[in-house]
Amino acid sequence: SGRTFSVLLKFSLPMLLSVAFQQLYNIVDSVIAGNFVSDMALGAIGASYPVTMIFMAVATGGSVGASVVVARLFGSKNYTYMKTAINTALVSFAAIAGVLTVIGCALCSPMLTLLGTPDDIFADSDIYLRVYVLGLLFLFIYNACNGIFTALGDSKTPLFFLIASSLGNIGLDLLFVLVFHWGIAGAAWATVIAQYMSGVGILWFFLLLRRVGKIQSDSPEKPKMFSSDALKQISRISVPSILQSSFVSVGNLFVQSLVNSFGSSVIGGYASAIKLNTFAITCFSTLSNSVSSFCAQNIGADKTDRIKTGVKSGMLMCLVIAIPFVVCFLLFGGTLVNLFATQANAEIIATGSKVLT
C-alpha cells in the first residue's frame, strides 16, 4: 500500500546500502593486498575472483527465488505455508552450501590451472580461494535470511548486520595483514570471519526474536520443516535467476583465462576494474530484487494494478543510479583503480582504466 515510488524508494535505499557494504568484502581485500602486500597479491585475488562470483551467483539467485515466493505468500496472508517455505529455504540453502564447499575445496587448484593462472601468483590464488570456500555456508545463510527479511518488507535489519560485519572485515584485514603479516591468507580469513559474523548474526536474530513466529498462522496446522512442493516453487524462480547470473560468471571465466596470459599486473588492473563494475551491476540487480518483492507481495494481495507502476518506478531509479557510475568511470577511472595498487605500477592503473571506459 502507499504511493508506489516513495514506497519502493524507502524500501530500496537500505538494500542499496547493503550492496555497498557487501561489496566492501572483496574490495577491501584487494585494496589492502595491493597496497600493503604486493601488486602480485592483488593479481592473486583477482585471478580467483571470477570463481568466487559463481558461488555468489548461486547464493543471490537462490535468495531471489525464496524472496519472491515468501513475499507472494505474505501478501496473500497464507502465513502457515509461508513459514513452511521459509524453513524449506533455510534447509535447502544450508545443504547446497555444504555440497558446494566440498566441491569447491576439491576443485580449487584444477579451476585455477584451467584458467591459466600464472605461476608467480598461483599459490596465493589457491590459498585465497580455498579459505573463501570455507565461508560459503555463512554466505548462503546470510543471503537466505536477507531474502526472507526483504520479502516481509524489512530491508533494514540485514543492513545493520552487514554494516557490522563489513567494518569487522576491514579491521580484521588490517590486523591480519599489517600486524600478523599473514598476507593473502590473512585477507581471506578476514572475509570468512566477516561472513560468519553476518550469517550467524542475522540467523541468531532471526531465531532468537522469532521474527516469523510472531506472525499469527492462518490455520491450526503447524508449518513443516521441509516441503518438496515449496522447494519446487522456490526453484521455479531461483533456477532461472541462478543460471542467468552463472552464465555471466562462466563467461567471465573465459575472459579471465585470456587476461591471465598477460601477466600479474594486467590481472590486477583487470580485477580492480571488474570489482568496481560489479559494484555498479549489483546495485541494479538489487533494485530489481526490490521490485520483485514489491510485485510478488501485490500479486499475493491481488493488487495487480500496482505492478506496472512498480516496474516503471524501478526502471527510473536504475536510470538515476546509472548516470553517476558512468560519469565516475569515464572521468575518474584511473583514480578509482589507483585505490587498489601502488602508484609505481602504472600498468595496473592503465589496464583498469581501459576496462572501465
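Reader: Before we look at any cysteines, what counts as a disulfide here?

Author: A disulfide is a pair of cysteine sulfur atoms within 2.5 Å. Chemically, a disulfide is a covalent bond between the sulfur atoms of two cysteines. Keep in mind that this is a predicted model.

Reader: Okay, so how far is the sulfur of C283 from the closest cysteine sulfur?

Author: The gap is 9.4 Å, and the partner is C318, so that's too far for a bond.

Reader: And C108, which cysteine sulfur is closest to that one?

Author: That would be the sulfur of C105, at 5.9 Å, which is again too far for a bond. In total, the structure holds zero disulfides.

Reader: Is C108 buried or exposed?

Author: C108 is buried, with a relative accessible area of 0%. C283 is buried too, at 7%.

Reader: How should I think about buried residues in general?

Author: In soluble globular proteins, nonpolar side chains tend to be buried together. Now for the case in front of you: the largest nonpolar core has 51 residues, and M82 and I86 touch the most other members.

Reader: Which elements give two or more residues to this core?

Author: They are helix 2 (39–75), helix 3 (79–114), helix 4 (119–133), helix 5 (136–151), helix 6 (157–179), helix 7 (183–208) and helix 8 (228–259). Helix 2 gives the most, with twelve residues.

Reader: What is M82 in contact with, leaving aside its neighbours within four places in sequence?

Author: Look for V70, L73, F74, L152, V212 and I215. Apart from the largest core lies another one, of 23 residues, and C283 is among them, along with A280, M317 and F325.

Reader: Now the helices. How do I read a pair of them?

Author: Two packed helices are described by the angle between their axes and the distance between the axes. Try helix 2 and helix 9 (residues 264–300): their axes come within 10 Å and cross at roughly 0°. That makes helix 2 roughly parallel to helix 9. By class, their contact has 15 nonpolar, 13 polar and two charged residues.

Reader: At what angle do helix 3 and helix 8 pack?

Author: About 75°, with the axes 9 Å apart. The two helices are therefore roughly perpendicular to each other.

Reader: Which residues make that contact?

Author: Helix 3 brings Y81, A85, T88, A89 and S92, while helix 8 brings D229, A230, L231, Q233 and I234. Sorted by class, the contact of helix 3 with helix 8 has six nonpolar, three polar and one charged residues.

How values were computed
Residues are numbered from 1 along each chain as its sequence is written. This is a predicted model: local features need pLDDT of at least 70, side-chain atom pairs count only at pLDDT 80 or more; totals for chains, interfaces and linings use all residues. Side-chain values use heavy atoms; hydrogens and water are left out. Buried means under 20% relative accessible area, exposed over 50%, partly exposed in between (1.4 Å probe, protein chains only). A nonpolar core is a set of buried Ala, Val, Leu, Ile, Met, Phe, Trp, Tyr and Cys residues joined through side-chain atoms within 4.5 Å. Helices (H or I, at least four residues) and strands (E, at least two) are DSSP runs, numbered from the N terminus. Contact means heavy atoms within 4.5 Å. Axes are lines fitted to C-alpha atoms, for helices over the stretch in contact, and angles run from 0 to 180 degrees between N-to-C directions. Angles under 35 degrees count as roughly parallel, over 145 as roughly antiparallel, 65 to 115 as roughly perpendicular and the rest as oblique. Ala, Val, Leu, Ile, Met, Phe, Trp, Tyr, Cys and Pro count as nonpolar, Asp, Glu, Lys and Arg as charged, and the others, Gly among them, as polar.
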